[in-house]
Every structure is written in C-alpha cells, then in structure tokens.
Amino acid sequence: MTAQEVAVLDYGSQYSQLIVRRVRELGFVSHLYPPAELPNLQNPGAIILSGGPRSTSEKDAPDVDYDKLMSFGVPVLGVCYGMQLLNIKHGGTVKPGVTREYGPAKLVVTDHADLFNGISHESQVWMSHSDTCANLASTTQVIATNEDAVPVALKWSDRCWGIQFHPEVTHSHEGTAILRNFLTRSGANLAKFDIQAFKSQMIERIKAEVGSREVICGVSGGVDSTVLAVLLAKAGVKVRCIFIDTGLMRLNEGVEVKELFEEVGVPIEQIDASETFLGALKGVTDPEQKRRIIGTLFVEEFWKVADNVELLAQGTLYPDVIESATSGSIASKIKTHHNRVDRIMELKEQGKVLEPLAELFKDEVRDLGASLGIPHRALWRHPFPGPGLAVRIPGEITPERVLTTQQADAIFIAELRRSGWYEQTWQAYAALLPVKTVGVKGDERSYEQAISLRAVISEDAMTADWVELPYGVLRNASNKILNSVKGVNRVLYDISTKPPASIEWE
C-alpha cells in the first residue's frame, strides 16, 4: 500500500495549521483542507478534524460527511469541535458545559492503551471550549476525563478517537506524544516529511506556476523575504527583487539589507518611498486603517517601479493567513495583515500573487533557508512585521516618533546581542506608547514619552510567552534609552502572553 498524507480538516480553529506543523515535526506529510474538500481527498493515510469557534448546536454549524469519512478506512481523530461532531455521529449529544474551560486544565487518563500509551496519569492540557459531549452511546469508551470527571477523551473504535483539548499547542505538555501515538499506533500508513524533498517540490511548483512570466519579489532583509528571494533564484525563474524603504524600517535597515543580499548573491533594487508612506499615514490612528494604507501603498509602489509585471511574490507565512481568516477556512478574523489587503486579494483572484511559503511556519522557513545555504545570522534575525514600525507606534505616525522608536529599538536589540539573549528570544522590540508621563531630568520637571520593551518566546507566532530577561539586561537597556533617546523619560517591560495579547501592539 502506498504511504499517504495526514489530512487535517479545518473547522476554523486558530490552531488548525499548527496541527499540520506538529504532524510534520513528527516526520509525516500533512496538509490542511476545508471540510467541503473531504470527498476530494486522494486516499489519505489518516484524518484529523480540527477545533473551531462554532457550536454544533448552531444553525448551519459546520458538518462532516460521516459516511465518506468512514469510507476511507483510516484512523480518525477529532479535536475539540471535531470530537463533538464525531460524538454526535456516533449517537451521542453535545450540551453546554456547566463551566467553560479556557486555558490550562488537568487531563486524567483512565485508559493508557493506544492514544495515551506512555502518557502520565495526570497531565496539563490546553482547553478552549464551552460545550461538552453528553449522552454517550453504549459502545463509546471514555479514555480520559478532566479533574471533575467530565469526559474529555473518547474512543469509538480501534480507529476513531476524540479529544476535547488542543494537543498541538505547547501548553499541552504531552500533546505531541499523544499525536505521535495516534499516528504511529493506529495502523496508519503515512508518507514521511523531509525538508529537502519539500524544497525540491516547491522549486518544481514555482517553475510550473511562473513559467516564462516575470516575478517581482519584495524583500526586507527579514527571514521570510530572504528565503523567498533565494528560493526563486534557485528555481531559475525571471525575478526582480525590490526593497521598498517605507520609512518604517529599523535603524540603518537599508544598509544592512543591501549588504545581506550582496552576501547571498541576489541583486536587489532599492527604492526610497518613505515620504509617500509617512505622508499617507499622517493623522491616521486606527490600526486597521494603517495596515490597509501600508499594504495598498506597498503594491502601488511596486507597480510604479515595475510596470506590466505578471506576478508579485510575497513571503507570506501561515500565521499571516490564519489571522486574516482568508485561508479558505472559517477562522475568526483577528487582524488584517499587510499582505491580505483588498488590492492584494484582487491580485490573488487574478492569479498574480505567488506565495510559496504560505503553508509554512517560521521555524520551517528557517530550516528551508538553511537547506538553501543562507547564512545563520540572516535566518535567525528576529521577525519584523510587514507594516514595519507602524504597528509598534500606536497613535499617529510622524517622522519624529519613528526616529524615537528606531533609536530605542536599536539600543534594546544591541543589549540583547551583547548579553547573549538575542537568539534566546523569538522576537524583541521597542514600542512607542501614545502617552506622555511626568519625570525629572536635570532637577527639572519633564513631560515626555514612554517606551515599552517587549521580548517573547514562541515556536509558531500563534502563541507566545514573555521572556524573563535578567534584571541586569533590562536595567542596561532602560538606562541607555533614557540617557540617549531624546524625549523619553520612562521605559516599561511588557509581560503579556499571546493570547490574550498579540505579539505586536497593533
């Protein structure tokens, strides 16, 4: 029998693609599909039904073609909403829970066979639900509960299970092991995932999609656009790499970007459009409007530079797609990403947008970049948002406020590098708050601006925790900012997790 992929049906959870990523980490090929695509799947090796924001009791709630699902004869796992859906299909019901469960919870395993083989009797998992499976069919086996003895894991057959928690997030301490058991102890015959093979497939897809057309590739010096540019060059397609300086970049970004691309052997064109962007943002304070303006202007500047070019290449990653809820799923929209604005969506409909990295997470992009021979320091640069410093400056964007943010950010990043903490953090930056605070400078009252420092750890940008930086690092960064950056008299450190906060301020 030919080995097959793990098909994940996306019912709208913000973590749906994270399931795919976990499966890939375990060494297997996996892709995400809308539930409506179930009949079109080509002999999957296993199927996972994701969680989702809806209730099975809602009118027009997402459903599953149960007969088709079972006809594949492969292992099936329902996660959260997926479990509730399967419980209904097996003769049970779903009812509102007595209490809603959001966040960490205790998993109590009652059956350590197959799915929970080798799993602790009690383990932390991550819950996100308000409904509960009830009136279980007589053939349904409860294989785990929460600490209140409410069923949170069910087994309907030797090839069909459901779990009421998210094994794909790191907050579920043994979640990856549970997924491994599902994939390796259920009799599934699965295809292996390998980054080298994946790279070869991507290059062939790029060649086939691009053909003889010319591609414009926007580069910023960040990991995503650098990997994209080198990937396109490796594919041998006709490409022009263009760096648009929006005026919202980090301090001395232009010089660093030029040097980086000279090193990787990819020529770029540099365009200074800072006056255009800053002018369009004058007086704008709404974060969604800022993103739309930047995204639209970015495309317009590209088209000014390169007329009549058939394709625009973007280093879009999956978190960008899922947070904008435009992946074909029913995920709730969190925010509009700069590469998901109306103009770009129109171009996508016209077949003029190329996004080879759109199924990947940041760590997978780094692995891909390493396989392409890109230098380590370039691959481990912290992520930088497409809208640039605009999302780190709540309120109006002015040249003066941008400069203040750039200077504070440069000091913070330099301190992280000096202390050895830079590569221990996923992302770090300085944000300029839209407030003024009272202080004392030179024995005189000051009324100046506040800087908020943020450093987070994450594996995927879907969830993040703040970094417990040593006090000495924070003290040095704060002192240098207060003594060097004009107009700042207060420095704060952001200790918010994602969720509920996002990594960026806007």
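**Notebook: cores, a helix pair and backbone oddities**

I looked up the largest nonpolar core, which has 85 residues, and noted that L232, L357, I451 and I481 touch the most other members. The largest contribution to this core comes from α6, with eight residues. The model is a predicted one.

I then listed the neighbours of I481. Leaving out residues up to four places away in sequence, I481 touches A408, I411, I451, L453, V488 and V491. There is also a second, separate core of 33 residues, with L115, F116, A144 and I163 among them.

Next I checked α6 against α5. The axes of α5 (residues 195–210) and α6 (residues 223–235) come within 9 Å and cross at roughly 70 degrees, so α5 is roughly perpendicular to α6. From α5 the contact uses M202, I203, I206 and K207, and from α6 it uses L231, L232, K234 and A235. I sorted these contact residues into six nonpolar, two charged and no polar.

I went on to the peptide bonds. K498 and P499 are joined by a cis bond with omega about -15 degrees. The bond from P499 to P500 is cis too, with omega near 10 degrees. I placed P499 in the segment after β18 (488–493), and P500 in the segment after β18 as well.

Last, I looked for positive phi outside glycine. D114 has phi near 30 degrees and sits in the loop between β5 (93–109) and β6 (122–134). Its relative accessible area is 18%, so I entered D114 as buried, the cut-off being under 20%. A149 has phi of about 70 degrees and lies in the loop between β7 (141–145) and β8 (151–157). At 55% relative accessibility, I entered A149 as exposed.

Note on methods
Residues numbered from 1 in each chain as written. Predicted model: local features only at pLDDT ≥ 70, side-chain atom pairs only at ≥ 80, totals over all residues. Heavy atoms only, no water. Axes fitted to C-alpha atoms, helices over the stretch in contact; angles between N-to-C directions. Helix = DSSP H or I, 4+ residues; strand = E, 2+ residues; numbered from the N terminus. Parallel < 35°, antiparallel > 145°, perpendicular 65-115°, else oblique. Contact = heavy atoms within 4.5 Å. Nonpolar A, V, L, I, M, F, W, Y, C, P; charged D, E, K, R; others polar. Core = buried A, V, L, I, M, F, W, Y, C linked by side-chain atoms within 4.5 Å. Buried < 20%, exposed > 50% of the residue type's maximum accessible area, 1.4 Å probe, protein only.
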